[in-house]
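I set out to record three things: how two domains meet, how a metal site is built, and what one loop residue does with its side chain. My entries follow in that order.

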Amino acid sequence: MITVYNTLTKRKEEFKPLVPMNVKMYMCGPTVYDYFHIGNGRSFVVSDIIRRYFEYKGFNVKFVMNLTDVDDKIIKKANEEKVETNKITQKYIDAFFEDIAKLKVKKADIYPKATEHIDEIIMMIKTLEEKGLAYNVNGNVFYNVKLFNGYGKLSGKNTEDLESGARIEINEAKKSPLDFALWKKAKEGEPYWESPWGNGRPGWHIECSAMSCKHLGETFDIHAGGNDLIFPHHENEIAQSEGANGKPFVNYWLHFGFLNINDEKMSKSLGNFFTARDILKVYSAEAIRLLFAQTHYGGPLNFSESLLQAAQKGLEKLENLRLKIVGELKEEDTNKEVTFDFDKFYNAFESAMDDDFNSPQAVAVVFDFIREANKAITENEKPGHKFYNGVKEFLTRTAEGVLGIINFSAIEETGASLENELIELLINLRTEAKLNKNYTMADKIRNELTNLGVALQDSKDKTTYKKIALT
Ligand code: AMP
Ligand code: ZN
């Protein structure tokens with residue numbers, strides 16, 4: 001049984017999907033006007049760990065993450081750089097995909113873009129208008145918050161307090177300062193679409209209501225995002241979706257703690273950020289993911305480089321065991337039987353993750369496992385392949401498959417391709433030596449490579465190589 005902390009009910013609950021063994025999950029994705037920072041990266045990685053754990057448990061997960069590609073910040077940047085907005089969004093969408101791939105975040109099933117869902121957005125606003133929940137003031141359409149029963153149920157805020165606390169806004173068109181824009185009238189120099197209310201563009205909140213409904217249905221299982229989105233973004237999404245569809249919107253709301261710097265939220269506007277791509281130049285995805293997994297997704301994480309260095313160091317134990325496994329499995333099987341309680345570790349890993357995705361506990365289980373596996377290796381001298389395959393399978397399913405803190409397949413591939421690249425490099429140096437009539441050097445390279453088991457074959461215009469068995 002998986003339990004999750006539901007922001008809506010403010011307690012841990014048993015997770016019961018709408019359709020058995022299926023999870024429909026929506027996560028608020030990036031606004032694509034810049035490279036994402038490592039704080040955003042934390043939200044992407046923890047949602048990835050949650051998604052991977054459902055898959056580990058055999059659930060069929062449909063994971064949708066939106067891309068906000070029309071927004072004030074995008075328009076501002078396009079104006080500054082004197083280019084069309086889609087130049088900006090395409091650049092940063094490409095960068096987003098590159099960076100999440102480097103962070104080993106599994107791709108979502110769908111990345112809907114706001115600009116490709118304008119029809120759905122307009123339909124939903126029309127429904128809200130028909131139901132009397134939205135009003136049009138001169139081409140700007142607003143949601144009438146006070147008419148939605150239950151506004152504030154996610155964030156725990158109530159409309160009276162919000163209204164008395166609200167600043168008197170410049171926007172006198174709204175009936176109440178709580179009301180928010182569903183459709184914004186086009187301004188000079190901004191991208192716009194035609195609509196029943198005139199030319200304009202959608203507000204931010206309606207995008208997520210319309211796109212989640214299109215791709216996951218009127219009611220779905222999980223909606224996730226950073227804590228900063230609880231109010232007003234997610235509160236407004238509930239008002240829009242439930243107001244329009246007359247059905248519960250989402251059963252479980254999951255929110256991720258901030259990644260902070262000196263106890264302050266990392267954000268573009270504060271300027272206290274590191275981009276994920278810069279961090280990835282120095283630290284491996286595995287180290288970054290280990291650091292994130294060591295804190296519960298719901299709590300804050302005070303980021304510092306020394307924590308990343310510690311995580312990188314912590315990975316050495318895992319890496320040493322991986323190298324040992326890969327090496328031993330290449331050698332002949334000793335057929336030695338070793339008794340080792342794998343089930344104990346699978347059970348411990350699962351009970352940690354079943355408990356509201358307690359990844360810090362799950363990481364502790366992986367490290368206990370490493371310690372005991374190393375002990376078994378020392379005590380049994382040369383355990384057989386059955387043992388090593390069992391160790392490999394455990395780490396592949398948990399540390400690699402769920403947490404993404406080790407990489408069995410890719411590292412071996414990288415090793416092989418690096419080797420090939422080095423051979424090519426030596427061949428090129430030899431060709432250069434021959435061109436310079438330095439035949440002593442050319443022969444030396446050929447002979448040394450032969451000694452290492454790499455035979456060169458010269459043809460008219462190129463040199464190829466073959467790996468040969470060494471006697
Ligand atoms: P944005 O591009 O700012 O809309 O954010 C994309 C995702 O990152 C959203 O789910 C945000 O809630 C999340 N996010 C933004 N800043 C942080 C932070 N400092 N720590 C963790 N998550 C964040
Ligand atoms: Zn959203």
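**Entry 1. Domain contact**

I began with the contact count, in which 15 residues of domain 1 touch 22 residues of domain 2. I note that the model is a predicted one. The domain assignment that I used places domain 1 at 19-287, domain 2 at 305-410 and domain 3 at 418-467. I found the centres of domain 1 and domain 2, taken over C-alpha atoms, to be 38 Å apart.

I then looked up the area buried between domain 1 and domain 2, which is about 1700 Å², with 61% of it on carbon and sulfur atoms. On the domain 1 side, the residues that lose the most area to domain 2 are Y53, Y56 and Y283, which together make up 42% of what that side buries.

For the polar part, I recorded two salt bridges between domain 1 and domain 2. I also looked up the pair K57 and D354, which form a salt bridge with their closest N and O atoms 3.1 Å apart. Nine residue pairs are in polar contact between the two domains, both residues being at pLDDT 80 or more.

Which elements supply at least two residues each to the side of domain 1 that touches domain 2? I listed α1, α8 (276-282) and α9 (285-293). Of the elements on that side, α1 gives the most, with six residues.

**Entry 2. Zinc site**

I turned to the zinc ion (ligand 2) and found its protein donors to be C28 (SG), C208 (SG) and H233 (NE2), at 2.1 to 2.2 Å. Along the chain, these donors follow the spacing C-x179-C-x24-H. The pair C28 and H233 links distant parts of the chain, 205 residues apart. I located C28 in the loop between β3 (22-27) and α1 (38-56), and H233 in helix α7 (residues 230-245).

Are C28 and H233 buried or exposed? C28 has a relative accessible area of 7%, so I entered it as buried. H233 also counts as buried, because its relative accessibility is 0%.

**Entry 3. N272**

My last look-up was N272, in the loop between β12 (264-265) and α8. I recorded N272 as buried because its relative accessible area is 17%, under the 20% cut-off.

What does the side chain of N272 reach? I found the backbone oxygen of K265 at 3.1 Å and the backbone nitrogen of S267 at 3.0 Å. Setting aside neighbours within four places in sequence, I listed I261, E264, K265, M266 and S267 as the residues in contact with N272.

Notes
Residues are numbered from 1 along each chain as its sequence is written. Chains are lettered from A and ligands numbered from 1 in the order in which they are written. This is a predicted model: local features need pLDDT of at least 70, side-chain atom pairs count only at pLDDT 80 or more; totals for chains, interfaces and linings use all residues. Side-chain values use heavy atoms; hydrogens and water are left out. Donors are N, O and S atoms within 2.8 Å of the metal (3.2 Å for Na, K and Ca); water is not among the atoms, so sites may look incomplete. Helices (H or I, at least four residues) and strands (E, at least two) are DSSP runs, numbered from the N terminus. Buried means under 20% relative accessible area, exposed over 50%, partly exposed in between (1.4 Å probe, protein chains only). Domain bounds come from an automatic or database domain assignment. Contact means heavy atoms within 4.5 Å. Buried area is the accessible area (1.4 Å probe) that two parts lose on being put together, summed over both. A salt bridge is a side-chain nitrogen of Lys or Arg within 4 Å of a carboxyl oxygen of Asp or Glu. A polar contact is a pair of N or O atoms within 3.5 Å; within protein, one must be able to donate a hydrogen and the other to accept it, and residues adjacent in sequence count only if both atoms are side-chain atoms.
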